[in-house]
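Subject: Handover of a structure and notes on its contents

Dear colleague,

Please find the structure below, followed by an account of what was found in it. I would ask you to keep it open while you read.

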Amino acid sequence: MKSLSDKWIDRILLILGILVFVVTVYPLYFVVIASFSSPSAVSGGQVWLFPKSVTLEGYRRVFENERIWLGYRNTIFYTIAGTLISLAFTLPAGYALSRKDLVGRNAISLFFVFTMYFSGGLIPTYFIVDSFHLTNTFWVIILPFAVNVYHLIIVRTFFQSTIPDDLLEVSQLDGCSNTRFFVSIVLPLSKAILAVVGLYSAVSLWNQYFTSLVYVRDDSLVPLQLVLREILLQNQTVSGAASVSNVELQKVGEIMKYAVIIVSTVPIMCVYPFLQKYFNKGVMVGAIKG
């Protein structure tokens, strides 16, 4: 039986939890309802809990831009191809570093970790990428940054804590090679970490725009995020104009901002529920255990 003080503590914690939930969720909810509200209602501060004068004007203006569809096509390609290539590099490297019989694995791990804290900077990186003739090609989005050291550490830790050494020894007694052991045994047991690293990589590639901003000049190669950025910059230019004739365009630009957020986040949010169970499991199993 709970005492009176315990009941009051539970009520206070419940109230605090509700407040934190509202503060966290309401901005996301507001973006959704604002994207479906009329420009006048949004700019006039009339939108609070429900859409006002429901309209699809913001989405219509966004999708009227032909570059949106080009950006979607490019981003989908970059996300799928980049995620597959990232997994193809990260998983074998993580498995190799998890093997105790790898000569110099500590030095190799230190070499990777060093790059997390120290880098050559943007200009030297640009020169290196350009020397390989990757600038202004779709490969520049995928290849130079395919291996993320943080993902590599997660994969290595997962293999160290999940794949027992005895399993390797038994397979070697049956004549199994290292490559076959990795492909036939390790990968089927690593669905959780596949989902985690795959989701991390996909989200990063879906949201990236700075890489293409620096290395891509061809309009046919720009990703969705860069297209949306240009739309927002155009709206800001219109909003900054002093002419009275631009008032309506300013209002439409406001709801276009919210429509742009929805357009860029909904696709990746639709994928997450299908990977959530693997994601949670992989994060816990791949964590460093004390």
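The protein has 14 helices and zero strands, where helices are DSSP runs of H or I with at least four residues, strands are runs of E with at least two, and both are numbered from the N terminus. Read from the N terminus, its elements follow the order α-α-α-α-α-α-α-α-α-α-α-α-α-α.

This is a predicted model, in which local features need pLDDT of at least 70 and side-chain atom pairs count only at pLDDT 80 or more, while totals for chains, interfaces and linings use all residues. Residues are numbered from 1 along each chain as its sequence is written, and side-chain values use heavy atoms, with hydrogens and water left out.

Overall figures

The protein has 290 residues, of which 35% count as buried; buried means under 20% relative accessible area, exposed means over 50%, and partly exposed lies in between, with a 1.4 Å probe and protein chains only. About 17600 Å² of the protein is exposed, and carbon and sulfur atoms supply 68% of that area. Such areas come from the Shrake-Rupley method with a 1.4 Å probe, and for residues only the protein chains shown count as cover. Contacts (heavy atoms within 4.5 Å) were also examined: among those between residues at least 6 apart in sequence, 72% join residues at least 24 apart.

Salt bridges

Side chains of opposite charge can pair when their charged atoms come close. A salt bridge here is a side-chain nitrogen of Lys or Arg within 4 Å of a carboxyl oxygen of Asp or Glu, and the structure holds four of them. One joins the side chains of aspartate 219 and arginine 67, at 3.8 Å from N to O. Aspartate 219 lies in the loop between helix 12 (210-215) and helix 13 (224-239) and arginine 67 in helix 4, so this pair ties together parts that are 152 residues apart in sequence. Both partners are partly exposed, aspartate 219 with a relative accessible area of 48% and arginine 67 with 24%.

Another salt bridge connects aspartate 165 and lysine 100, whose closest N and O atoms are 3.7 Å apart. This pair links distant parts of the chain, since aspartate 165 is in helix 9 (residues 165-173) and lysine 100 is in the loop between helix 4 and helix 5 (105-117), 65 residues apart. Aspartate 165 is partly exposed at 43% relative accessibility, whereas lysine 100 is exposed at 65%. A further bridge is formed by the side chains of aspartate 101 and arginine 99, at 2.7 Å from N to O; arginine 99 is buried, with a relative accessible area of 12%.

Aromatic residues and the nonpolar patch

The structure contains 20 aromatic pairs. Rings of Phe, Tyr and Trp (its six-membered ring) pair if their centres lie within 6.5 Å; planes under 30 degrees apart count as stacked, over 60 as edge-to-face and the rest as tilted. Tyr95, Phe158, Phe159, Phe181 and Phe182 are linked into a cluster by ring pairs. In addition, the charged end of arginine 11 sits over the ring of tryptophan 8, 5.1 Å from its centre; this requires NZ of Lys or CZ of Arg within 6 Å of the ring centre and within 35 degrees of the ring normal.

On the surface, Leu14, Ile18, Phe21, Val22, Val25, Tyr29, Trp48, Leu49 and Phe50 make a nonpolar patch of about 960 Å². Patches consist of residues with over 30% relative accessible area and no salt bridge, with like charges joined within 9 Å and nonpolar side chains (Val, Leu, Ile, Met, Phe, Trp, Tyr) within 5 Å. Tyrosine 29 belongs to helix 1 (residues 4-35) and is partly exposed, at 33% relative accessible area.

Two serines and a loop

Serine 98, in helix 4 (residues 66-98), is buried at 12% relative accessible area. Leaving aside residues up to four places away in sequence, serine 98 touches Arg105, Arg156, Phe159 and Gln160. Serine 212, in helix 12, is buried at 0% and, with the like exclusion of residues up to four places away, touches Ile141, Pro223 and Leu226.

Histidine 133 lies in the loop between helix 6 (122-131) and helix 7 (139-142), and asparagine 136 is found in the loop between helix 6 and helix 7. Histidine 133 has a positive phi of about 60° although it is not a glycine, and the phi of asparagine 136, also a residue other than glycine, is positive and near 60°. Histidine 133 is exposed at 67% relative accessibility, while asparagine 136 is partly exposed at 26%.

Yours faithfully
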